Amino acid sequence: MTDLRDATTLAGRNDVCQDKIMTEVNILDRLPIGVMSVRAGAIAFMNYTLRSLFAGTFASLAELADAFPGTAGLADALARSEPVWVSIGDAVFYVDVTGHGQDDELVVFVPLNYMDPKDPQLRELRELYTDFQEIFHNCFDGIYVADGSGRSLWLNEGFERAYGLEARDFIGRDVRELERLGHMKPMITWKVITTKQRQSAVQRTKAGKSVLATGIPLLDERGNVRKVIINSRDLTELVALQQRLSEAEADLARTRSELAQLRLEAGRVDQVTWSSAAMQEVVDLGLRLARVDTTLLIQGESGVGKDVIARLIHTEGTRRDGPFVKINCGAIPTELLESELFGYESGAFTGARKEGKAGLFEVANGGTIFLDEIGEMPAPLQVKLLQVIQDRTFTRLGSTRTVKVDLRLIAATNRDLRSMVRERTFREDLFYRLSVVPIDIPPLRERPEDIAPLTQRFLQEINERYGFTRHFSGAVMDRLLRYAWPGNVRELRNVVERLAVTAREDEIGLETLPSDLLVENIRHVPSNKPLKAAARSHEVETVQATVERLGSIGRAAVHLGVSESTVKRRLREGRKPPSD
């Protein structure tokens with residue numbers, strides 16, 4: 001059912017007819033001659049001139065003749081459509097019918113001193129009444145007019161149509177009879193009269209229709225209600241449309257829920273799970289790039305899943321049957337990194353194998369090599385890496401023989417390589433070679449839609465691994481969704497596993513949550529720093545706070561789901577003075 005606010009809104013759109021009718025009625029009231037509307041002997045309207053002359057209003061010509069005998073012949077004259085002279089007190093009037101509506105006759109009382117049949121005011125009056133009748137009867141909305149005592153004066157065809165009644169049965173009758181006979185409920189005419197204010201309501205008719213009614217009072221010079229104009233519009237079709245719309249919205253919500261479930265089930269490609277539009281763009285870009293061998297640079301905070309996207313590109317690409325070799329450039333000591341990447345010959349250095357060793361670039365031949373934390377690569381190795389990218393060739397340590405490889409190179413970093421280029425800690429030519437197509441993975445806090453599907457996936461994996469039937473309570477899921485996840489997806493996976501393996505019951509409740517998840521979502525203080533700098537600053541602060549709380553770098557690394565070397569680097573960054 002349409003509520004009153006909707007009704008008021010619709011009422012505002014239906015004021016055009018009311019405004020026009022009110023304007024015409026006001027003009028009639030200001031005319032210096034008397035104007036009366038008569039229907040079948042009943043007086044429907046008197047303008048202010050006649051009301052003043054008669055010192056009141058009358059319901060019929062018969063009542064008028066009883067009060068003013070000089071008007072006794074008026075009814076017969078009007079029936080013959082002939083003009084007549086009448087006397088009211090000492091005044092003499094020329095009375096004639098100047099216009100015919102569908103059921104009404106407009107009668108004018110012209111004082112003797114105005115008796116010029118060609119008077120322009122009379123011609124204007126005829127035109128005015130004709131316009132008034134056309135507006136009144138042709139307005140699509142229903143229009144009902146009552147006097148200040150609630151007596152029915154006019155009903156147009158729209159009102160008859162909306163309420164299923166005939167005007168001739170109610171002209172001159174009290175408006176309360178319409179409600180008593182069940183034609184409409186609730187009735188607002190008396191509410192308009194008593195409050196002297198505009199009123200709106202949705203009424204039910206005898207035929208079961210819904211009708212929006214808006215009543216407006218017309219006040220006399222003393223502030224009393226002299227007329228009430230009710231504007232009505234049949235809302236039956238609108239209510240039916242609104243009901244169908246509500247049903248359609250319910251169907252749409254149900255469909256969205258089903259689609260969300262299907263998306264949760266189908267939103268996985270080689271262990272990539274997502275629901276957010278941001279990750280959908282990342283996956284779509286990755287799948288397009290899987291068909292070509294372009295060198296890629298995947299950027300994002302620690303723990304966002306850069307290695308997962310790299311593996312997706314490999315498994316969905318043309319090299320899926322080849323090896324996928326991953327190496328963390330920040331986890332291997334600098335002095336060993338070169339030999340791991342490029343291999344060495346026998347006797348190349350103390351402790352080397354007698355038979356030598358193939359480097360990871362050779363192992364990745366025919367497939368993909370993924371260099372994680374590329375920003376940690378020492379400057380001397382950056383030169384050799386540049387050669388591999390350009391020529392797909394390199395030499396082992398202790399050898400002069402060139403080794404040629406056919407592979408795809410994907411690099412990843414959580415550092416701002418552009419800033420490192422400006423600081424001359426990373427080669428500019430290597431940066432541009434690596435970032436032919438950059439892929440930026442947003443942090444988990446910027447794609448909260450992914451928290452729920454990732455949580456369910458991790459929990460499902462743990463349940464299958466250990467034979468559990470764990471599930472999260474609603475309160476726990478709410479906390480997980482509100483938490484900022486500074487360690488991103490890696491932290492989420494670790495927390496889910498910790499909760500699952502330490503829970504005493506199958507339902508994981510709030511009592512199992514660690515203290516940092518029991519507080520509200522982390523609030524970030526607005527910063528004037530660029531986005532990446534602000535994110536890095538927050539990461540440093542989080543690492544510092546975690547180390548202080550847990551008392552050791554090792555425990556902090558485990559808690560945050562990062563390596564100890566990453567924790568040490570963030571601590572070193574925190575001790576550096578801020579640059580201008």
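This section describes the overall composition, the nonpolar cores and two helix pairs of a predicted model.

The protein contains 24 helices and 24 strands. Of its 580 residues, 49% are buried. Among contacts between residues at least 6 apart in sequence, 59% link residues at least 24 apart.

In soluble globular proteins, nonpolar side chains tend to be buried together. In the present model, the largest nonpolar core comprises 32 residues. Within this core, the residues with the most contacts are Phe-361, Ile-369, Leu-371, Ile-374, Leu-385, Leu-409 and Phe-426. Two or more residues each are contributed by the strands β15 (324-328), β18 (368-372) and β21 (408-413), and by the helices α13, α14 (360-363), α15, α16 (417-422) and α17 (428-434). The greatest contribution is that of α15, which supplies 5 residues. A second core, of 23 residues, lies apart from the largest one and includes Tyr-144, Phe-159, Ile-171 and Val-192.

The surroundings of Ile-369 were examined individually. When residues up to four places away in sequence are not counted, Ile-369 touches Val-325, Leu-360, Phe-361, Ala-364, Leu-407, Arg-408, Leu-409 and Ile-410. Of these neighbours, Phe-361 and Leu-409 are themselves listed with Ile-369 among the residues with the most contacts inside the largest core.

Two packed helices are described by the angle between their axes and the distance between the axes. Helices α13 (residues 334-342) and α15 (residues 379-391), both of which give residues to the largest core, pack at an angle of about 15° with their axes 11 Å apart. Because angles under 35 degrees count as roughly parallel, α13 and α15 are therefore roughly parallel to each other. Their crossing is left-handed. On the α13 side the contact is formed by Leu-337, Glu-338 and Phe-342, and on the α15 side by Leu-381, Lys-384, Leu-385 and Val-388. The residues of this contact comprise 5 nonpolar, no polar and 2 charged. Leu-385 of α15 thus belongs to the contact with α13 and is also one of the residues with the most contacts inside the largest core.

The second pair consists of helix α11 (residues 277-289) and helix α12 (residues 306-315), which pack at an angle of about 35° with their axes 9 Å apart. Here the crossing is right-handed. Met-279, Val-282, Val-283, Gly-286 and Leu-287 of α11 meet Ile-309, Leu-312 and Ile-313 of α12. The residues of the α11 and α12 contact divide into 7 nonpolar, 1 polar and no charged.

Terms used
Residues numbered from 1 in each chain as written. Predicted model: local features only at pLDDT ≥ 70, side-chain atom pairs only at ≥ 80, totals over all residues. Heavy atoms only, no water. Axes fitted to C-alpha atoms, helices over the stretch in contact; angles between N-to-C directions. Helix = DSSP H or I, 4+ residues; strand = E, 2+ residues; numbered from the N terminus. Parallel < 35°, antiparallel > 145°, perpendicular 65-115°, else oblique. Left-handed = near helix turned anticlockwise from the far one by under 90°. Contact = heavy atoms within 4.5 Å. Nonpolar A, V, L, I, M, F, W, Y, C, P; charged D, E, K, R; others polar. Core = buried A, V, L, I, M, F, W, Y, C linked by side-chain atoms within 4.5 Å. Buried < 20%, exposed > 50% of the residue type's maximum accessible area, 1.4 Å probe, protein only.
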